[in-house]
Amino acid sequence: MRFVVTGANRGIGLEFVKQLTSRGEDVEATARDPDDAPELQALARTGVRLRVHRLDVADDASVAVFAEKLPPGPVDVLVNNAGVSGVKGGEPIDPTDILRVFNVNAAGTLRVVRALLPRLRAGRGKKIVNLTSQLGSIAEVSGGRYAYRLSKVALNMATRLLAEDLRGEGFRTVALHPGWVQTRMGGSAAPVSPEQSIRGMLRIVDGLAAEQSGRMFDFQGREIPW
Ligand SMILES: NC(=O)c1ccc[n+]([C@@H]2O[C@H](COP(=O)([O-])OP(=O)(O)OC[C@H]3O[C@@H](n4cnc5c(N)ncnc54)[C@H](OP(=O)(O)O)[C@@H]3O)[C@@H](O)[C@H]2O)c1
């Protein structure tokens with residue numbers, strides 16, 4: 001299977017690439033700056049099936065160049081992982097931050113989907129995996145983090161829309177919450193390791209059934225209400 005993983009130079013994206021390549025998958029990994037992605041580049045030199053590409057999901061031109069330069073052939077699974085957390089603390093309602101975070105987490109994901117759709121349509125996997133957050137659940141909201149929560153609510157709706165619009169073509173689209181994970185975004189106090197989180201999420205992705213399309217699950221398989 002051929003996977004595309006965005007935001008793969010560190011954190012959850014990097015661990016996706018490690019686990020996927022270790023089981024022999026073909027992986028196209030992206031980084032905003034491939035020249036500053038030492039772990040990813042080192043992994044690519046070990047002979048696994050991994051190529052590293054430049055991609056800024058917030059930038060139309062960058063997405064267009066990425067899609068054009070990607071080596072030919074279908075893509076089976078798209079993992080939309082790239083994301084930003086927004087300013088923590090400070091002014092809670094910051095319109096500039098809201099738009100910046102939305103542009104990466106929500107519009108950025110859809111930019112990549114749109115650019116890769118022809119290749120995904122040609123693939124056998126037909127899976128689109130969006131890294132969301134429980135913080136984007138309206139049903140379980142607890143307050144604060146406006147920019148991040150708004151962006152993930154929009155991403156969740158995008159997941160539902162893609163599931164509806166592409167269901168007839170055999171696609172399965174899912175929103176996955178990775179847990180609170182030890183990454184730069186999650187911080188060192190997080191209880192879940194990247195290894196655990198990605199192992200759990202890959203189990204869900206591998207076994208993704210048509211009836212799970214358009215729904216949100218955490219890395220342990222618990223369904224999260226919208
Ligand atoms: N960690 C958690 O506890 C947690 C919980 C819930 C959801 N999530 C979600 O999981 C995903 C990965 O999070 P993480 O914890 O691994 O975060 P992270 O450690 O901060 O890594 C984020 C990744 O996204 C990339 N990125 C940021 N802006 C980008 C852009 N405009 N274009 C392309 N790539 C961009 C970063 O690249 P640079 O290095 O260039 O900045 C980095 O590779 C995110 O969608 C996040 O919202 C994480």
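Modeller: A polar contact here is a pair of N or O atoms within 3.5 Å, and this is a predicted model.

Biologist: Okay, then how far is the polar backbone atom of Val-57 from a nitrogen atom of the ligand?

Modeller: The separation between that backbone atom of Val-57 and the ligand nitrogen is 2.9 Å, which makes the pair a polar contact because the limit is 3.5 Å.

Biologist: And which side chains have polar atoms next to a ligand oxygen, and at what distance?

Modeller: Arg-10 places a polar side-chain atom 2.7 Å from an oxygen atom of the ligand, while for Tyr-148 an N or O atom of the side chain is 2.6 Å from a ligand oxygen.

Biologist: How much of the ligand does the protein bury?

Modeller: The protein buries 93% of the 890 Å² that the ligand exposes when taken alone, and the space the ligand takes is the largest pocket.

Biologist: Which elements give two or more residues to the shell around the ligand?

Modeller: Those are α1, residues 11-22, and α5, residues 146-166.

Biologist: Who comes nearest, and what is the mix of residue types in the shell?

Modeller: There are 29 residues around the ligand, and the nearest are Asn-9, Arg-10, Arg-32, Tyr-148 and Thr-183; by type, the shell divides into 13 nonpolar, 11 polar and 5 charged residues.

Biologist: Changing topic, where does His-53 lie, and is His-53 buried or exposed?

Modeller: His-53 belongs to strand β3, residues 50-54, and it counts as buried because its relative accessible area is 12%, with the cut-off for buried being under 20%. Its side chain also makes a polar contact of 2.6 Å with the side chain of Glu-28.

Biologist: Which residues other than glycine have a positive phi?

Modeller: Lys-126 and Arg-145 are among them, each with a phi of about 50°. They catch the eye because most residues other than glycine have a negative phi.

Biologist: Where are Lys-126 and Arg-145 placed, and how accessible are they?

Modeller: Lys-126 is in the loop between α4 (95-122) and β5, and is buried at 16% relative accessible area. Arg-145 sits in the loop between β5 and α5, and is partly exposed at 28%.

Biologist: What about Leu-135, where is that one?

Modeller: Leu-135 lies in the loop between β5 (127-131) and α5, and its 29% relative accessibility counts as partly exposed. Arg-121 is 14 residues away from Leu-135 along the chain, and their C-alpha atoms are separated by 31 Å.

Notes
Residues numbered from 1 in each chain as written. Predicted model: local features only at pLDDT ≥ 70, side-chain atom pairs only at ≥ 80, totals over all residues. Heavy atoms only, no water. Near = heavy atom within 4 Å. Polar contact = N/O pair within 3.5 Å; in protein donor to acceptor, adjacent residues only side chain to side chain. Areas by Shrake-Rupley, 256 points an atom, 1.4 Å probe, with all protein chains shown as cover. 1 Å grid on protein atoms, 1.4 Å probe; cavity = no way out; pocket = protein on both sides within 12 Å on 5 of 7 lines; lining within 4 Å. Sits in = over half its atoms within 2 Å of the grid points. Helix = DSSP H or I, 4+ residues; strand = E, 2+ residues; numbered from the N terminus. Nonpolar A, V, L, I, M, F, W, Y, C, P; charged D, E, K, R; others polar. Buried < 20%, exposed > 50% of the residue type's maximum accessible area, 1.4 Å probe, protein only.
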